[in-house]
Amino acid sequence: MIETASLVSPASPVSLVDQHCHGVLRTELGLGTFETRLGAPAAGRAAAGTTLFDTQLGFAVRRWCPPLLGLAPHCPPARYLARRRELGALETARRLLRATGITTYLVDSAADEGTDERSGPEEMASLGAAGARRIVRLERLAERVADVSGGAGSFLAGLAETVHTEAATAVAFSCASGTGGSSGTGGGACESELPEPPAPGAVRGAAARWLAGRRAGGALTDPLLLRHLLWTAIATGRPLQLLPGGADPTALTGFAAATAGLGTDLVLLDPYPYHRQAARLASVFPHVYADLGPALARTGPRAAAVLAESLESAPFGKLLFSSGARGLPELQVVAVRAFTEAVDRVLGGWVAEGAWAAADATRVAGLIAGGNARRVYGLPPAGG
Amino acid sequence: MIETASLVSPASPVSLVDQHCHGVLRTELGLGTFETRLGAPAAGRAAAGTTLFDTQLGFAVRRWCPPLLGLAPHCPPARYLARRRELGALETARRLLRATGITTYLVDSAADEGTDERSGPEEMASLGAAGARRIVRLERLAERVADVSGGAGSFLAGLAETVHTEAATAVAFSCASGTGGSSGTGGGACESELPEPPAPGAVRGAAARWLAGRRAGGALTDPLLLRHLLWTAIATGRPLQLLPGGADPTALTGFAAATAGLGTDLVLLDPYPYHRQAARLASVFPHVYADLGPALARTGPRAAAVLAESLESAPFGKLLFSSGARGLPELQVVAVRAFTEAVDRVLGGWVAEGAWAAADATRVAGLIAGGNARRVYGLPPAGG
Amino acid sequence: MIETASLVSPASPVSLVDQHCHGVLRTELGLGTFETRLGAPAAGRAAAGTTLFDTQLGFAVRRWCPPLLGLAPHCPPARYLARRRELGALETARRLLRATGITTYLVDSAADEGTDERSGPEEMASLGAAGARRIVRLERLAERVADVSGGAGSFLAGLAETVHTEAATAVAFSCASGTGGSSGTGGGACESELPEPPAPGAVRGAAARWLAGRRAGGALTDPLLLRHLLWTAIATGRPLQLLPGGADPTALTGFAAATAGLGTDLVLLDPYPYHRQAARLASVFPHVYADLGPALARTGPRAAAVLAESLESAPFGKLLFSSGARGLPELQVVAVRAFTEAVDRVLGGWVAEGAWAAADATRVAGLIAGGNARRVYGLPPAGG
């Protein structure tokens with residue numbers, strides 16, 4: 001077990017909520033397929049002459065994971081992968097996830113709908129001996145509805161009904177394509193100067209055009225339809241997780257202003273390297289929250305610096321821990337270790353220099369680790 | 001008295017100029033109204049289940065202000081507010097401001113024109129036992145002129161005359177709406193590809209449209225009129241303070257290029273989280289300056305990191321201390337404490353490791369604390 | 001000799017490649033002309049009442065360079081300049097460059113074509129007792145071709161032939177104007193939503209218009225022609241160095257996506273203050289690399305922080321050391337000292353705290369110092 005109890009005060013064990021992750025891969029991984037998964041989301045393979053094990057994440061996985069499978073820290077990747085295959089993907093996941101101390105996983109459905117390659121929330125709960133809830137990825141939902149719809153009218157009616165139905169059981173919605181995530185250039189559906197709900201006639205026209213040119217399984221990228229989809233989700237009141245995908249979330253200021261006061265929270269996922277901008281938006285808009293996200297795992301010994309920057313302007317009730325893991329349970333291990341070390345170093349340092357009261361530090365650590373997520377997503381209290 | 005004399009060299013007391021603040025609130029504040037003032041400028045109330053005392057600024061106020069009113073550091077907010085009401089708003093302001101060591105306040109007129117809720121420059125001087133000068137907010141000036149103008153012609157003539165008249169006594173002009181401050185999305189009046197002075201005919205048309213649709217007190221948001229207003233202010237030669245309002249000031253590159261060599265200085269106010277970008281602009285354009293601003297107070301123990309980042313590329317003659325305080329004299333206290341600690345830690349650290357000569361560190365600390373502001377705004381020398 | 005051998009492991013001397021610099025100035029410099037060269041690229045003179053010696057670069061030059069010319073550290077600038085003139089520009093360059101340990105200089109032709117004011121690659125090699133290769137600046141190349149072309153047809157044919165010819169001997173191409181460098185506002189030729197090669201007819205039209213309005217020596221700023229020029233260079237397979245010039249390189253995401261898989265590497269030069277964004281792009285696209293650049297020299301004691309931030313998300317095979325020096329050999333001295341100290345502090349610190357294995361740190365230091373550049377530019381191996 002990772003010593004998560006060391007979060008500032010050893011006497012106050014903290015209940016960790018992984019507020020955004022994907023299911024673990026159930027397939028066996030070779031050296032190459034494992035390495036590719038260490039890359040940035042949407043990244044390709046390593047450049048010729050380089051390896052993705054030469055990254056902060058690669059070094060962090062080699063530091064923290066081998067001991068949990070009975071090997072020495074920093075052992076060669078091939079040795080680690082051999083041990084992983086020896087145990088099998090699911091037994092590896094079980095050992096790694098149970099070592100994290102995470103008590104609840106919020107699992108994004110982006111990539112695991114209709115396949116048996118990834119664990120769904122139920123299997124994540126079983127593997128991790130923890131709770132798990134489902135996050136519904138809006139693009140995939142719309143594409144599934146489109147696959148069974150006859151025309152624009154039935155598509156839009158089906159979309160409205162499915163979003164409403166999912167809201168009853170899902171813990172949140174998520175969306176990448178509408179918020180800069182597709183291009184990284186800030187040209188997403190919510191970044192127009194008028195991020196209001198589009199007019200019904202325009203929605204119907206866009207739906208007809210998209211369906212007419214679409215083959216089964218075709219991806220939803222139309223900005224107007226994505227905007228409609230986001231507003232449909234907003235209407236349910238479930239928290240909406242937005243992935244800026246490397247773009248500056250300051251571009252979402254207009255969307256945040258347009259959705260203020262409606263009772264639906266927005267969570268800015270994985271905002272690095274614009275985590276200060278995400279924290280600032282969380283300080284300006286009561287309904288906007290900032291995810292610490294995979295940057296903690298991916299920046300290795302720099303996690304403390306990234307955490308400290310996020311804590312500069314975000315109200316402490318507005319920051320949320322997550323692993324952002326995408327298939328490898330190693331990312332949950334590294335995220336928790338990086339987060340725990342960073343919290344101890346940063347908050348503990350402020351207590352040591354007299355800037356913060358010790359009781360405040362312990363309380364804030366608990367909020368970020370899981371307390372804020374429990375409040376935002378309506379999860380049962382820790383230990384409850 | 002806060003030990004401002006500890007700025008690197010105890011033998012060289014430094015004269016602090018607060019180069020941008022607003023008047024202190026003269027009304028009594030309850031726990032809720034005080035808390036709201038801890039939020040980011042333009043922010044609303046705290047999210048449900050959270051409090052704005054759970055911010056770096058909230059923690060810093062609790063750390064540094066209670067002792068100045070005879071209470072223990074980190075005492076509960078309710079206890080502090082009770083003591084504040086016991087003393088009264090003005091006596092509290094007197095005690096807090098006089099503890100800062102600030103010798104000159106530059107007070108923005110943005111919010112205190114025509115009301116008796118806030119101290120003007122004269123009262124700030126009296127409360128703080130210091131000097132004070134007035135900064136004229138351009139939008140408010142234009143709105144006052146519009147309130148008494150019959151049509152576009154008399155409005156534009158009155159505007160030109162009033163800006164000219166104010167320039168004779170004001171220490172600087174300031175503007176938020178034209179520089180991204182309104183939307184945070186970089187779409188301000190000065191960020192167009194052609195940030196030149198607009199043509200007279202276009203200005204007259206925009207003025208007529210604005211006045212026709214305006215009721216008394218209506219805000220000026222028309223981009224073309226704002227651009228005209230900025231160029232009118234530029235012509236006076238008084239320094240012009242620009243508030244990017246959370247947007248990247250790199251978008252002002254074109255405006256900086258267009259105004260270079262005219263003899264008017266631009267001061268980028270409160271650029272966080274783009275303080276490195278503001279510092280870089282100050283390194284590229286001789287007439288551009290960067291404000292350290294409320295980020296020092298609002299980031300608590302991270303003020304040293306923010307200061308160090310600002311010092312990476314800005315010439316040391318181009319950085320200016322300010323509190324950016326908006327009504328609470330507590331912000332001046334926290335800003336000065338954060339600045340003093342940050343300077344000692346950052347510049348003192350560079351001297352200790354041999355990177356800087358000690359005499360240089362003392363000199364640079366004095367420049368940023370007040371020397372640069374005295375030069376830019378034409379204030380009398382310290383002690384003079 | 002600067003102790004470059006201290007890069008993490010004293011037993012492993014590292015071979016430094018300066019992967020982007022300009023030739024040293026061969027003319028004698030006075031106090032004023034030297035001072036101006038300390039400013040940011042494209043910056044003007046210092047603001048009235050300030051000096052560019054009051055910058056991190058100014059302080060760093062005074063710290064590190066006087067001892068190499070027999071003076072005391074932090075001696076007054078006038079004393080240093082007098083000694084510099086006493087030795088002469090070329091003897092000063094010889095002493096300074098040979099103290100750096102740089103083994104190969106990649107010298108940009110941007111400013112030294114057709115003049116005798118700057119050392120070309122051959123003289124840089126001779127002065128530095130090192131290897132040197134030439135980087136061809138695309139804008140200058142196009143302007144030279146335009147100077148001798150009769151019309152659009154002969155210009156475009158000449159351009160294609162000259163780029164092809166240069167590719168046979170140049171180590172890389174470089175471009176500033178097409179990538180935000182001209183305006184700093186992100187409006188460069190490669191930042192359009194469709195960064196594809198422009199159509200031949202449109203290129204011919206743009207060439208005709210440009211040539212018709214051009215006098216000999218006139219600069220190339222037409223976005224469409226610049227885009228054509230970049231794609232012409234891409235086709236050669238030589239690495240292409242892009243200067244974002246203070247703009248966020250995230251705006252180049254579309255261009256990076258459009259050029260992926262073509263076999264030509266893109267190197268983002270001098271990305272500060274967006275070095276984290278450049279590092280992130282290098283993590284997403286296999287063919288994108290990030291330059292550490294002049295920020296190391298220009299941020300003085302903050303070089304370690306800037307390096308650490310670059311190392312957060314960039315794969316370690318994707319970061320490249322350079323001085324970015326523009327005429328003063330002092331910049332190479334400061335860049336190497338800053339880099340060496342930063343590597344020792346950052347990587348050494350991670351080894352000390354157990355985050356990295358010592359052998360990994362030594363290996364990564366060697367990659368960034370020169371190993372990656374040797375691989376990307378096809379240079380002979382160190383010591384080879």
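**Figure 1. Three bridges join strands β4(B) and β5(B), which run parallel.** Welcome to this predicted model; our first stop is inside chain B. At the pairing of these strands, B:S174 stands opposite B:Q241 in β5(B). On to the neighbouring pairing: β3, residues 131-137 of chain B, is linked to β4(B) by three bridges, again in the parallel sense. Here B:R137 is the residue that faces B:S174 of β4(B).

**Figure 2. Strand β4 of chain B, residues 172-175, is covered on both faces.** In a regular strand, side chains alternate between the two faces of the sheet. Look for B:A172 and B:S174 on one side of β4 and for B:F173 and B:C175 on the other; all of them are buried. How accessible is B:C175? Its relative accessibility is 1%, and therefore B:C175 counts as buried.

**Figure 3. Strands β5 and β6 of chain B pair in the parallel sense.** The strands to find are residues 240-242 for β5 and residues 266-268 for β6, and three bridges hold the pairing. A good place to start is B:L242, which has B:L268 of β6(B) opposite.

**Figure 4. The open sheet of chain B is made of eight strands.** Stepping back from the individual pairs, you can follow the order β1-β2-β3-β4-β5-β6-β7-β8, with parallel pairing. Which strands form the edges? They are β1 (16-22) and β8 (319-320) of chain B, each of which pairs on one side only. Helix α14, residues 329-352 of chain B, lies across β1 and β2 (102-108). The helix runs at about 140° to β1(B).

**Figure 5. B:C65 is a cysteine that takes part in no disulfide.** A disulfide is a covalent bond between the sulfur atoms of two cysteines. Counted over all chains, the number of disulfides in this model is zero. For B:C65, the nearest cysteine sulfur belongs to B:C75 and is 10.0 Å away. Is B:C65 buried or exposed? With 0% relative accessibility, B:C65 counts as buried.

**Figure 6. Chain B meets chain C through 32 residues from each chain.** Two copies of a chain are related by a rotation about an axis and a shift along it. Here, a turn of 120° with a shift of 0.0 Å along the axis lays chain B on chain C, with an RMSD of 0.0 Å. This is the relation of a three-fold axis. The copies use different surfaces, with 3% of the contact residues of chain B recurring in chain C. Between the two chains, about 2,600 Å² is buried, and carbon and sulfur atoms give 52% of that area. On the chain B side, look for B:R276, B:R280 and B:E312: these residues lose the most area to chain C, together 23% of what that side buries.

**Figure 7. Chain A also touches chain C, with 32 residues of chain A in contact with 32 residues of chain C.** Chain A superposes on chain C by a rotation of 120° with 0.0 Å of shift along its axis, at an RMSD of 0.0 Å. Only 3% of the interface residues of chain A are also interface residues in chain C, so the copies meet through different surfaces. Together, chain A and chain C bury about 2,600 Å², with 52% of it on carbon and sulfur atoms. The residues to look for in chain A are A:D54, A:F59 and A:R302, which lose the most area to chain C and together make up 21% of what that side buries.

Note on methods. Residues are numbered from 1 along each chain as its sequence is written. Chains are lettered from A and ligands numbered from 1 in the order in which they are written. This is a predicted model: local features need pLDDT of at least 70, side-chain atom pairs count only at pLDDT 80 or more; totals for chains, interfaces and linings use all residues. Side-chain values use heavy atoms; hydrogens and water are left out. Two strands pair if DSSP finds at least two bridges between them. Helices (H or I, at least four residues) and strands (E, at least two) are DSSP runs, numbered from the N terminus. Contact means heavy atoms within 4.5 Å. Axes are lines fitted to C-alpha atoms, for helices over the stretch in contact, and angles run from 0 to 180 degrees between N-to-C directions. A disulfide is a pair of cysteine sulfur atoms within 2.5 Å. Buried means under 20% relative accessible area, exposed over 50%, partly exposed in between (1.4 Å probe, protein chains only). Copies are superposed by least squares on the C-alpha atoms of residues with pLDDT of at least 70 in both. Buried area is the accessible area (1.4 Å probe) that two parts lose on being put together, summed over both.
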